Amino acid sequence: MASAVVQVFGQPASTDVARVMACLLERKLEFELVRTDAFRRGRKLPELDPSSKVMLKHGDTTLTDSRDICRYVCTEFPRWCTRDLYGAGALERASVEKWLQAEAQSFDAPSAALAFHLAFAPRLIGVPSSSPAAAPDGIDDDEEARRAASVAESERLLLRVLDVYDDALGRSAYLAGGEFTLADLSHLPNAHYVACSARGRALLASRGNVARWYAAISARPAWRRVVGVQTRSAHCPCALEA
C-alpha cells in the first residue's frame with residue numbers, strides 16, 4: 001500500500017518478520033510489507049543489519065529488532081485501534097515483560113533449533129518433515145546420528161521450558177494473565193514452525209495446558225493472516241504441510 005506510513009522490510013517466512021506483522025495486524029494498523037526476497041527491479045532497499053532479519057521504518061524511526069519493534073508498535077500508536085497488548089499499567093506490563101524475556105532467553109533457542117531440524121532441514125535434504133527419521137540417500141550414518149542427537153537435545157531443552165509454561169498456564173488462560181498479550185504473540189512464529197512437523201506437534205501436545213494455549217493463540221485471525229502470507233512464500237516449510 002503506497003500510502004502506508006509504516007513499512008516492514010524482510011522475508012515473510014522469517015520469524016522476526018512474522019512477529020512484527022502479527023503485532024501490526026493485532027493492532028489493526030495499516031503497513032506495507034516490502035519483501036526483500038521478491039522486490040521490484042530497480043527499487044532501492046535500505047540495508048539491513050547483517051544480524052537482523054527485519055526492519056521497520058516509521059517516519060524518522062528505524063528499528064531492526066523484532067521484539068523492540070513490537071514494543072514500539074504497542075506504545076507509539078493510539079490505543080483506540082485495538083485493546084492493549086502490552087499491559088494497561090505498570091504491574092501488567094511487568095508481567096508481559098517477564099514472559100517476553102522468557103521467550104527471548106529460554107524459548108527461542110531450543111524452539112528455533114528444533115524447527116530447523118524438523119521443518120527446514122528435511123526440505124534441504126529432500127525428505128518430508130513428517131517422514132520417519134531415516135538417513136536419506138547422500139547422508140551418511142554419522143551425519144544422521146549427529147542430526148538425531150541434535151533433535152533429541154533440542155527436544156529435551158524445549159520440554160524443560162514447556163514444563164514451566166504448562167505450570168503457569170494451569171493458573172491463567174494466557175502467559176501474562178487472562179488476556180492475550182504481546183507475551184503470547186511473541187511465541188507464535190517459532191511455535192508455528194515447530195508445529196509444522198508431526199513430531200513437533202506431538203511435543204506441543206504433550207503438555208496439556210500448553211496445547212490448549214497454543215491452539216487458542218494460533219487460531220487468532222491476525223496470526224492466520226500472517227500464516228496465509230507465509231504459505232505463499234517459497235521459503236516456508238509449512239507450505240508443504242498444509
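Visitor: Let me start with one residue: in which helix is the place of Leu25?

Guide: Leu25 belongs to helix H1. Keep in mind as we go that this is a predicted model.

Visitor: And is Leu25 buried or exposed?

Guide: Read that from the relative accessible area, where anything under 20% counts as buried. Leu25 has 14%, so it is buried.

Visitor: Which residues does Leu25 touch, if I skip those up to four places away in sequence?

Guide: Phe31, Ala222, Arg225 and Val226. Take the pair Leu25 and Val226: 201 residues separate them in sequence, yet their C-alpha atoms are 8.5 Å apart in space.

Visitor: For the protein as a whole, what share of contacts with a separation of 6 or more comes from residues 24 or more positions apart?

Guide: That share is 71%. As for burial, 48% of the 242 residues are buried. The protein exposes about 11,900 Å², and 53% of that comes from carbon and sulfur atoms.

Visitor: Back to H1. What about Asp16, buried or exposed?

Guide: Don't guess from the residue type; look at the number. Asp16, in helix H1 (residues 15-26), has 19% relative accessibility and therefore counts as buried. Setting aside neighbours within four places in sequence, Asp16 makes contact with Lys53, Val54 and Ser66.

Visitor: Now the overall layout. How many helices and strands does the protein have?

Guide: There are 9 helices and 4 strands. Walking from the N terminus, you meet β-α-β-β-β-α-α-α-α-α-α-α-α.

Visitor: How do I read the pairing of strand S1, and which strands does it join?

Guide: Look at the partner, the direction and the bridges. S1 (residues 6-10) runs antiparallel to strand S3 (residues 54-58), with 5 bridges joining the two. Strand S2 (residues 32-35) pairs with S1 in the parallel sense, over 4 bridges. For landmarks, Val8 has Leu56 as its bridge partner in S3, while Phe9 has Val34 in S2. Going from S1 through H1 to S2, the chain makes a β-α-β crossover, and that crossover is right-handed.

Visitor: How many residues of S1 are buried?

Guide: 4 of its 5, which is to say that S1 is mostly covered.

Visitor: And S2, which residues are on its covered face?

Guide: Here's the general idea: in a regular strand, side chains alternate between the two faces of the sheet. In S2, Glu32 and Val34 make up the covered face, with Leu33 and Arg35 on the uncovered one.

Visitor: Can we turn to the cysteines? How many disulfides are found in the whole structure?

Guide: The search finds 0. To call a disulfide, you need two cysteine sulfur atoms within 2.5 Å.

Visitor: Why is there no bond from Cys70 to Cys23?

Guide: Because their sulfurs are 4.0 Å apart, too far for a bond, even though Cys23 holds the closest cysteine sulfur to that of Cys70. Cys74 gives a similar reading: its closest cysteine sulfur is in Cys23, at 4.0 Å, and that is too far for a bond. Cys70 counts as buried at 1% relative accessibility, and Cys74 counts as buried at 3%.

Visitor: Last topic, helix faces. Which residues of helix H7 are buried?

Guide: In H7 (residues 198-205), they are Gly200, Leu203 and Leu204. Look down the axis of H7 and these buried residues fall within an arc of 95°, so they line one face of the helix.

Visitor: Which residues are buried in helix H8?

Guide: H8 (residues 208-218) has Val210, Trp213, Tyr214, Ile217 and Ser218 buried. They cover an arc of only 115° around the axis, which means they sit on the same side of H8.

Visitor: What covers the buried residues of H8?

Guide: The cover includes helix H4 (141-169), helix H5 (182-185), helix H6 (188-194), H7 and helix H9 (221-231).

How values were computed. Residues are numbered from 1 along each chain as its sequence is written. This is a predicted model: local features need pLDDT of at least 70, side-chain atom pairs count only at pLDDT 80 or more; totals for chains, interfaces and linings use all residues. Side-chain values use heavy atoms; hydrogens and water are left out. Buried means under 20% relative accessible area, exposed over 50%, partly exposed in between (1.4 Å probe, protein chains only). Contact means heavy atoms within 4.5 Å. Two strands pair if DSSP finds at least two bridges between them. A crossover is right-handed if, with the strands pointing away from the viewer, the path from the first strand over the helix to the second runs clockwise. The arc is that of the directions from the helix axis to the C-beta atoms. Accessible areas come from the Shrake-Rupley method with a 1.4 Å probe; for residues, only the protein chains shown count as cover.
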